[in-house]
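Biologist: Please take one part of this model and look at it closely, then work outward to whatever it touches. I would like a single connected account rather than a list.

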Amino acid sequence: TSMPLEKFIVEIGRREPVRVAGSAVYMAGNSDSAPLALLHNLKHNKVLHRRIVILTITFEESPRVPDTERLNVEKLDEGFWRVGARYGFFEQPNVPKLLERCAEHDLEYKPMETTFFLSRETVIASRRTDTMMGWRKRLFSLMSRNATSATAYFGLPANRVVELGMQVEL
């Protein structure tokens, strides 16, 4: 259900949707695809922010990543930016502080003009028997509900976060 980010940006240039002031940061597991939250936001609200940051955070197998190797910022067309950040498994990411460092790469971060968009998947256990045993589905669903929220984990300001949800059936 994903779309390559470059293809999405070309399509935005052709369609020219309404652009609103401010910045939007979309957390993405894959920096090469348009995040589902971005696709859903455009589909339902029919607007995009003037500056859009696709942020991907990866965790390395080492405990820490040197600050000089942490950040990668790439300016794309149509007001899009791709930001990649690397952390060690022992480190706690703080997205607002990370975005402040993007000023070194000409990407300005204004906290009160930035909205963070997250995809929230709700895992539900289905009655199908073709995937995994029922007790495992229920256990996985319970663990997913009890996990720390992305807002808290990444240090996002709770009053600046929009979550767009979907259900994932096991």
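**A hairpin and its surroundings**

Modeller: The part I would choose is the hairpin formed by β3 and β4, which has four residues between its strands, and in whose turn E78 has a positive phi of about 60 degrees. Please keep in mind throughout that this is a predicted model. The two strands of the hairpin run antiparallel and are joined by five bridges. One of the pairings across the hairpin sets E74 opposite R82, its bridge partner in β4.

That pairing is also made through the side chains, since E74 and R82 form a salt bridge whose closest N and O atoms are 3.1 Å apart. The two ends of this salt bridge differ in their cover: R82, with a relative accessible area of 10%, is buried because buried means under 20%, whereas E74, at 35%, counts as partly exposed. The pair does not stand alone, for salt bridges that share partners join E74 and R82 with E6 and D32 into one network. As a general matter, side chains of opposite charge can pair when their charged atoms come close.

A second salt bridge reaches β4 from outside the hairpin, as E69 pairs with R86, with 3.8 Å between the closest N and O atoms. Here E69 belongs to the loop between β2 (47–60) and β3 (71–75), and R86 to strand β4 (residues 80–88), so this contact ties together parts that are 17 residues apart in sequence. Both of its members count as partly exposed, E69 at 42% relative accessibility and R86 at 29%. For contrast, consider E11 and R14, which form a salt bridge of 3.2 Å between the closest N and O atoms and which both lie in helix α1 (residues 5–15), three residues apart, or about one turn of the helix. Within that helical pair, E11 is partly exposed at 28% relative accessibility, while R14 is exposed at 62%. The structure holds 10 salt bridges, counted over the whole model.

Besides pairing with β3, strand β4 also pairs with β2, and there the strands run parallel and are joined by nine bridges. Within that pairing, I52 has F80 as its bridge partner in β4. Strand β2 in turn pairs with β1, again in the parallel sense, over eight bridges, and V25 finds its bridge partner in β2 at V53. Following the pairings outward from the hairpin therefore leads from β3 to β4, then to β2 and on to β1.

The nonpolar side of the picture also involves β4. The largest nonpolar core has 22 residues, and the members that touch the most other members are L55, I57, V83, V95 and F116. Two or more residues come to this core from each of β1 (18–27), β2, β3, β4, α3 (95–101) and β5 (114–124), and β4 gives the most, with four residues. The general tendency in soluble globular proteins is for nonpolar side chains to be buried together. Taking V83 as an example, and leaving aside residues up to four places away in sequence, its contacts are V53, I54, L55, T56, L71, N72, V73, C102 and L107. Apart from this core there is another one, of 18 residues, which includes I9, A24, L42 and L164.

Stepping back, the chain has five helices and six strands, and from the N terminus on these elements run α-β-α-β-β-β-α-β-α-α-β. Of its 170 residues, 38% count as buried. Among contacts with a separation of 6 or more, 78% are between residues 24 or more positions apart. The chain exposes about 10,400 Å², of which carbon and sulfur atoms supply 52%.

Not every nonpolar side chain is under cover, however, and one surface feature is worth setting beside the cores. M133, W135, L139 and L142 make up a nonpolar patch on the surface, and together they have about 400 Å² of accessible area. One of them, L142, is found in helix α4 (residues 134–146), and its relative accessible area of 40% makes it partly exposed.

Definitions and conventions:
Residues are numbered from 1 along each chain as its sequence is written. This is a predicted model: local features need pLDDT of at least 70, side-chain atom pairs count only at pLDDT 80 or more; totals for chains, interfaces and linings use all residues. Side-chain values use heavy atoms; hydrogens and water are left out. Patches are made of residues with over 30% relative accessible area and no salt bridge: like charges are joined within 9 Å, nonpolar side chains (Val, Leu, Ile, Met, Phe, Trp, Tyr) within 5 Å. Accessible areas come from the Shrake-Rupley method with a 1.4 Å probe; for residues, only the protein chains shown count as cover. A salt bridge is a side-chain nitrogen of Lys or Arg within 4 Å of a carboxyl oxygen of Asp or Glu. Buried means under 20% relative accessible area, exposed over 50%, partly exposed in between (1.4 Å probe, protein chains only). A nonpolar core is a set of buried Ala, Val, Leu, Ile, Met, Phe, Trp, Tyr and Cys residues joined through side-chain atoms within 4.5 Å. Contact means heavy atoms within 4.5 Å.
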